[in-house]
Amino acid sequence: MSATRAAAPLAAFVLHRYDWSESSVIVDLFTRAQGRTAVVAKGAKKPHSNLRAVLLPFQRINVTLGKLPEGEGASDIQTLRQAEWAGGLSMLTGEALFSGFYLNELLMKLLARHDPHPALFDAYAQTLPSLADVDELRVQSALRAFELRLLREIGLLPDLALATLTLQPLKPEGLYALRPEAGVIEAAPDEAGVPGAVLAALQAALARSQLDALQQTCALALPALKAQLRALLHYHLGSTPLRTRQVMHDLRTL
(Lines give C-alpha, C1' and ligand atoms only; values in the text may rest on other atoms or scores of the structure.)
Protein backbone atom coordinates (compact mmCIF):
# COMPACT_ATOMS: atom_id res chain seq x y z
CA MET A 1 0.00 0.00 0.00
CA SER A 2 2.76 2.50 0.93
CA ALA A 3 4.60 1.80 -2.33
CA THR A 4 1.44 2.67 -4.25
CA ARG A 5 1.09 5.96 -2.38
CA ALA A 6 4.76 6.79 -2.96
CA ALA A 7 4.36 6.31 -6.71
CA ALA A 8 1.27 8.51 -6.99
CA PRO A 9 1.98 12.21 -7.76
CA LEU A 10 1.04 14.62 -4.99
CA ALA A 11 -0.09 18.22 -5.42
CA ALA A 12 2.30 20.37 -3.38
CA PHE A 13 3.78 23.79 -2.64
CA VAL A 14 7.31 24.52 -1.40
CA LEU A 15 7.25 26.14 2.05
CA HIS A 16 10.97 26.23 2.82
CA ARG A 17 14.28 24.72 1.70
CA TYR A 18 17.75 24.51 3.20
CA ASP A 19 21.07 22.88 2.36
CA TRP A 20 21.55 19.21 3.21
CA SER A 21 24.85 18.49 1.45
CA GLU A 22 27.04 20.01 -1.24
CA SER A 23 24.58 19.00 -3.94
CA SER A 24 21.26 18.34 -2.17
CA VAL A 25 18.62 20.25 -0.21
CA ILE A 26 15.90 19.47 2.32
CA VAL A 27 12.54 20.84 1.20
CA ASP A 28 9.52 21.33 3.43
CA LEU A 29 6.47 20.71 1.26
CA PHE A 30 2.80 21.42 1.91
CA THR A 31 1.02 18.60 0.10
CA ARG A 32 -2.71 18.20 -0.32
CA ALA A 33 -2.79 14.48 0.50
CA GLN A 34 -0.06 14.12 3.15
CA GLY A 35 0.05 17.56 4.74
CA ARG A 36 3.40 19.12 5.61
CA THR A 37 6.17 16.77 4.53
CA ALA A 38 9.97 17.04 4.56
CA VAL A 39 11.83 15.60 1.56
CA VAL A 40 15.43 15.42 0.44
CA ALA A 41 15.99 16.60 -3.12
CA LYS A 42 19.22 14.90 -4.14
CA GLY A 43 21.33 16.78 -6.65
CA ALA A 44 18.97 19.78 -6.65
CA LYS A 45 21.89 22.22 -6.26
CA LYS A 46 23.73 20.94 -9.32
CA PRO A 47 23.75 23.45 -12.22
CA HIS A 48 21.99 21.11 -14.63
CA SER A 49 19.40 19.70 -12.21
CA ASN A 50 15.82 19.89 -13.48
CA LEU A 51 14.70 20.49 -9.89
CA ARG A 52 16.37 23.92 -9.63
CA ALA A 53 13.67 25.60 -11.72
CA VAL A 54 10.81 23.66 -10.14
CA LEU A 55 11.36 23.82 -6.37
CA LEU A 56 10.27 27.45 -6.04
CA PRO A 57 7.89 28.95 -3.45
CA PHE A 58 4.28 29.78 -4.36
CA GLN A 59 4.32 27.57 -7.46
CA ARG A 60 2.02 24.55 -7.53
CA ILE A 61 3.95 21.39 -8.35
CA ASN A 62 3.27 17.68 -8.63
CA VAL A 63 5.76 15.53 -6.73
CA THR A 64 6.49 11.82 -6.48
CA LEU A 65 8.01 10.72 -3.19
CA GLY A 66 9.81 7.69 -1.84
CA LYS A 67 11.26 6.79 1.54
CA LEU A 68 14.76 7.92 2.44
CA PRO A 69 17.08 4.87 2.56
CA GLU A 70 17.80 3.72 6.10
CA GLY A 71 20.85 5.33 7.63
CA GLU A 72 20.78 8.47 5.47
CA GLY A 73 18.67 10.73 7.65
CA ALA A 74 15.60 11.16 9.83
CA SER A 75 13.00 8.43 9.49
CA ASP A 76 10.21 10.87 8.62
CA ILE A 77 12.07 12.42 5.68
CA GLN A 78 11.23 11.08 2.24
CA THR A 79 13.18 11.23 -0.99
CA LEU A 80 11.91 13.43 -3.79
CA ARG A 81 11.84 11.20 -6.85
CA GLN A 82 10.26 13.66 -9.28
CA ALA A 83 8.80 17.18 -9.35
CA GLU A 84 6.96 18.92 -12.16
CA TRP A 85 5.48 22.40 -12.41
CA ALA A 86 1.68 22.22 -12.37
CA GLY A 87 0.96 25.75 -13.55
CA GLY A 88 0.02 28.75 -11.50
CA LEU A 89 0.56 32.43 -10.91
CA SER A 90 3.62 34.52 -11.69
CA MET A 91 6.26 34.79 -8.98
CA LEU A 92 5.22 37.09 -6.16
CA THR A 93 7.23 40.29 -5.77
CA GLY A 94 7.51 43.20 -3.33
CA GLU A 95 5.00 43.27 -0.47
CA ALA A 96 3.20 40.27 -1.93
CA LEU A 97 6.39 38.22 -1.60
CA PHE A 98 6.63 38.97 2.13
CA SER A 99 2.93 38.19 2.57
CA GLY A 100 3.45 34.84 0.89
CA PHE A 101 6.42 33.99 3.12
CA TYR A 102 4.30 35.03 6.12
CA LEU A 103 1.71 32.41 5.19
CA ASN A 104 4.46 29.83 4.68
CA GLU A 105 5.92 30.57 8.10
CA LEU A 106 2.51 30.17 9.74
CA LEU A 107 2.09 26.77 8.10
CA MET A 108 5.62 25.71 9.08
CA LYS A 109 5.12 26.61 12.74
CA LEU A 110 1.50 25.60 13.30
CA LEU A 111 1.01 22.45 11.20
CA ALA A 112 2.30 19.11 12.40
CA ARG A 113 4.01 16.96 9.80
CA HIS A 114 2.00 14.29 8.01
CA ASP A 115 -1.31 15.78 9.14
CA PRO A 116 -3.36 16.30 5.94
CA HIS A 117 -5.54 19.40 5.58
CA PRO A 118 -6.83 19.30 1.99
CA ALA A 119 -9.33 22.15 2.54
CA LEU A 120 -6.54 24.34 3.95
CA PHE A 121 -4.33 23.42 0.99
CA ASP A 122 -7.08 24.60 -1.37
CA ALA A 123 -7.51 27.81 0.64
CA TYR A 124 -3.76 28.45 0.45
CA ALA A 125 -3.77 27.97 -3.33
CA GLN A 126 -6.76 30.30 -3.65
CA THR A 127 -5.21 32.94 -1.36
CA LEU A 128 -1.86 33.30 -3.14
CA PRO A 129 -3.20 35.22 -6.19
CA SER A 130 -5.00 37.66 -3.85
CA LEU A 131 -1.67 38.69 -2.32
CA ALA A 132 -0.66 40.40 -5.57
CA ASP A 133 -3.83 42.54 -5.69
CA VAL A 134 -3.19 46.28 -6.02
CA ASP A 135 -5.95 46.94 -3.48
CA GLU A 136 -4.34 46.75 -0.03
CA LEU A 137 -7.75 46.22 1.59
CA ARG A 138 -8.23 43.04 -0.42
CA VAL A 139 -4.74 41.83 0.43
CA GLN A 140 -5.26 42.36 4.16
CA SER A 141 -8.68 40.72 3.99
CA ALA A 142 -7.16 37.70 2.23
CA LEU A 143 -4.51 37.39 4.95
CA ARG A 144 -7.07 37.59 7.75
CA ALA A 145 -9.32 35.04 6.02
CA PHE A 146 -6.43 32.58 5.70
CA GLU A 147 -5.49 33.07 9.35
CA LEU A 148 -9.05 32.20 10.31
CA ARG A 149 -9.10 29.11 8.08
CA LEU A 150 -5.77 27.94 9.51
CA LEU A 151 -6.82 28.43 13.14
CA ARG A 152 -10.12 26.62 12.52
CA GLU A 153 -8.42 23.71 10.72
CA ILE A 154 -6.07 23.03 13.64
CA GLY A 155 -8.76 23.41 16.28
CA LEU A 156 -7.66 26.73 17.79
CA LEU A 157 -10.64 28.86 16.82
CA PRO A 158 -13.84 28.96 18.90
CA ASP A 159 -17.30 29.13 17.38
CA LEU A 160 -17.43 32.78 16.34
CA ALA A 161 -21.21 32.95 16.42
CA LEU A 162 -21.46 32.17 20.14
CA ALA A 163 -20.25 33.73 23.37
CA THR A 164 -17.83 31.04 24.51
CA LEU A 165 -18.67 31.19 28.24
CA THR A 166 -22.46 31.02 27.89
CA LEU A 167 -22.79 29.45 24.42
CA GLN A 168 -25.44 32.05 23.66
CA PRO A 169 -25.72 33.64 20.19
CA LEU A 170 -23.94 36.97 19.86
CA LYS A 171 -25.92 40.20 19.80
CA PRO A 172 -25.63 41.49 16.21
CA GLU A 173 -24.99 45.07 17.37
CA GLY A 174 -22.68 44.05 20.25
CA LEU A 175 -18.89 44.40 20.11
CA TYR A 176 -16.77 41.35 20.89
CA ALA A 177 -13.15 40.27 21.24
CA LEU A 178 -11.26 37.01 20.74
CA ARG A 179 -9.18 35.85 23.69
CA PRO A 180 -6.76 32.89 23.54
CA GLU A 181 -8.01 31.38 26.81
CA ALA A 182 -11.54 32.76 26.98
CA GLY A 183 -12.76 32.58 23.39
CA VAL A 184 -15.37 35.10 22.25
CA ILE A 185 -16.17 37.66 24.96
CA GLU A 186 -17.61 41.16 25.11
CA ALA A 187 -15.01 43.75 24.17
CA ALA A 188 -13.71 46.11 26.83
CA PRO A 189 -15.04 49.71 26.69
CA ASP A 190 -11.67 51.03 25.48
CA GLU A 191 -11.15 48.21 22.99
CA ALA A 192 -11.90 48.07 19.28
CA GLY A 193 -14.33 45.17 19.11
CA VAL A 194 -15.77 43.21 16.21
CA PRO A 195 -19.56 43.45 15.74
CA GLY A 196 -21.47 40.30 16.58
CA ALA A 197 -23.09 40.32 13.14
CA VAL A 198 -19.65 40.24 11.49
CA LEU A 199 -18.43 37.37 13.69
CA ALA A 200 -21.59 35.39 12.93
CA ALA A 201 -21.06 35.97 9.19
CA LEU A 202 -17.44 34.84 9.51
CA GLN A 203 -18.57 31.64 11.23
CA ALA A 204 -21.12 30.97 8.48
CA ALA A 205 -18.50 31.46 5.75
CA LEU A 206 -16.07 29.16 7.60
CA ALA A 207 -18.72 26.48 8.00
CA ARG A 208 -19.48 26.57 4.27
CA SER A 209 -15.78 26.79 3.28
CA GLN A 210 -16.54 29.90 1.24
CA LEU A 211 -13.22 31.73 1.07
CA ASP A 212 -14.53 34.60 -1.08
CA ALA A 213 -17.32 35.31 1.42
CA LEU A 214 -14.84 35.01 4.28
CA GLN A 215 -12.53 37.59 2.69
CA GLN A 216 -15.39 39.99 2.01
CA THR A 217 -16.62 39.72 5.60
CA CYS A 218 -13.13 40.27 7.01
CA ALA A 219 -13.06 43.62 5.20
CA LEU A 220 -16.03 44.82 7.29
CA ALA A 221 -14.02 44.93 10.54
CA LEU A 222 -10.42 44.74 9.35
CA PRO A 223 -8.51 46.82 11.95
CA ALA A 224 -10.09 45.16 14.98
CA LEU A 225 -9.94 41.70 13.43
CA LYS A 226 -6.28 42.12 12.48
CA ALA A 227 -5.29 43.11 16.03
CA GLN A 228 -7.24 40.27 17.64
CA LEU A 229 -5.98 37.57 15.26
CA ARG A 230 -2.42 38.81 15.71
CA ALA A 231 -2.74 38.42 19.48
CA LEU A 232 -4.32 34.98 19.09
CA LEU A 233 -1.57 33.78 16.76
CA HIS A 234 1.15 35.22 18.97
CA TYR A 235 -0.26 33.27 21.91
CA HIS A 236 -0.22 29.96 20.05
CA LEU A 237 3.13 30.57 18.36
CA GLY A 238 4.89 31.31 21.65
CA SER A 239 7.39 34.04 22.44
CA THR A 240 9.44 33.77 19.23
CA PRO A 241 8.28 36.44 16.75
CA LEU A 242 7.57 35.55 13.14
CA ARG A 243 10.63 36.40 11.05
CA THR A 244 8.68 37.62 8.04
CA ARG A 245 6.53 39.95 10.14
CA GLN A 246 9.65 41.43 11.76
CA VAL A 247 11.37 41.90 8.39
CA MET A 248 8.30 43.63 6.95
CA HIS A 249 8.16 45.93 9.99
CA ASP A 250 11.87 46.79 9.69
CA LEU A 251 11.59 47.57 5.97
CA ARG A 252 8.57 49.82 6.50
CA THR A 253 10.46 51.62 9.28
CA LEU A 254 13.36 52.28 6.94
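These exercises work through helix packing, burial and backbone angles in one predicted model.

Residues are numbered from 1 along each chain as its sequence is written. In this predicted model, local features need pLDDT of at least 70, side-chain atom pairs count only at pLDDT 80 or more, and totals for chains, interfaces and linings use all residues, while side-chain values use heavy atoms, with hydrogens and water left out.

**Exercise 1. The chain as a whole**

Task: State how many helices and strands the protein chain has, and what percentage of its residues count as buried.

Solution:
- Step 1. Take the elements as DSSP runs, numbered from the N terminus: helices are H or I with at least four residues, strands are E with at least two.
- Step 2. The protein chain has 8 helices and 8 strands.
- Step 3. Apply the burial classes: buried is under 20% relative accessible area, exposed is over 50%, and partly exposed lies in between (1.4 Å probe, protein chains only).
- Step 4. Of the 254 residues, 44% count as buried.
- Step 5. Turn to contacts, meaning heavy atoms within 4.5 Å. Among contacts between residues at least 6 apart in sequence, 61% join residues at least 24 apart.

**Exercise 2. Helices H3 and H4**

Task: Find how the axes of H3 and H4 are arranged, and which residues make the contact.

Solution:
- Step 1. Two packed helices are described by the angle between their axes and the distance between the axes.
- Step 2. Axes are lines fitted to C-alpha atoms, for helices over the stretch in contact; angles run from 0 to 180 degrees between N-to-C directions.
- Step 3. The axes of H3 (residues 118-127) and H4 (residues 136-153) come within 10 Å and cross at roughly 170°.
- Step 4. Classify the angle: under 35 degrees is roughly parallel, over 145 roughly antiparallel, 65 to 115 roughly perpendicular, and the rest oblique. H3 and H4 are therefore roughly antiparallel to each other.
- Step 5. H3 contributes Ala-119, Leu-120, Ala-123, Tyr-124 and Thr-127 to the contact; H4 contributes Ala-142, Phe-146, Arg-149, Leu-150 and Glu-153.
- Step 6. Sort by class: Ala, Val, Leu, Ile, Met, Phe, Trp, Tyr, Cys and Pro count as nonpolar, Asp, Glu, Lys and Arg as charged, and the others, Gly among them, as polar. The contact of H3 with H4 has 7 nonpolar, 1 polar and 2 charged residues.

**Exercise 3. Helices H2 and H7**

Task: Give the orientation and handedness of the crossing of H2 and H7.

Solution:
- Step 1. The axes of H2 (residues 94-110) and H7 (residues 222-237) come within 11 Å and cross at roughly 40°.
- Step 2. H2 and H7 are therefore oblique to each other.
- Step 3. A crossing is left-handed if the near helix is turned anticlockwise from the far one by less than a right angle, and right-handed if clockwise. The crossing of H2 and H7 is left-handed.
- Step 4. Tyr-102, Leu-106, Lys-109 and Leu-110 of H2 meet Leu-233, His-236 and Leu-237 of H7.
- Step 5. By class, this contact of H2 with H7 has 5 nonpolar, 1 polar and 1 charged residues.

**Exercise 4. Helix H7 and its surroundings**

Task: Find which residues of H7 are buried and what they pack against.

Solution:
- Step 1. The buried residues of H7 are Leu-222, Ala-224, Leu-225, Gln-228, Leu-229, Leu-232, Leu-233 and Leu-237.
- Step 2. They pack against H2, H4, strand E6 (175-179), strand E8 (194-195), helix H5 (196-207) and helix H6 (211-218).
- Step 3. Just after H7, Gly-238 takes a positive phi of about 90°.

**Exercise 5. Positive phi outside glycine**

Task: Where do Leu-167 and Ser-209 lie?

Solution:
- Step 1. Most residues other than glycine have a negative phi.
- Step 2. Leu-167 has a positive phi, near 60°. Leu-167 is in the loop between H4 and E6 and is exposed, at 57% relative accessible area.
- Step 3. Ser-209 has a positive phi of about 55°. Ser-209 is in the loop between H5 and H6 and is partly exposed, at 45% relative accessibility.

**Exercise 6. Ala-145 and Met-91**

Task: Are Ala-145 and Met-91 buried or partly exposed, and which residues do they touch?

Solution:
- Step 1. Ala-145 lies in helix H4 and is buried, at 0% relative accessibility.
- Step 2. Leaving aside neighbours within four places in sequence, Ala-145 is in contact with Leu-211, Leu-214, Gln-215 and Cys-218.
- Step 3. Met-91 lies in the loop between strand E5 (78-85) and H2 and is partly exposed, at 39% relative accessibility.
- Step 4. Not counting residues up to four places away in sequence, Met-91 touches Pro-57, Phe-58, Gln-59 and Leu-97. Met-91 and Phe-58 are 33 residues apart in sequence and 7.1 Å apart, C-alpha to C-alpha.
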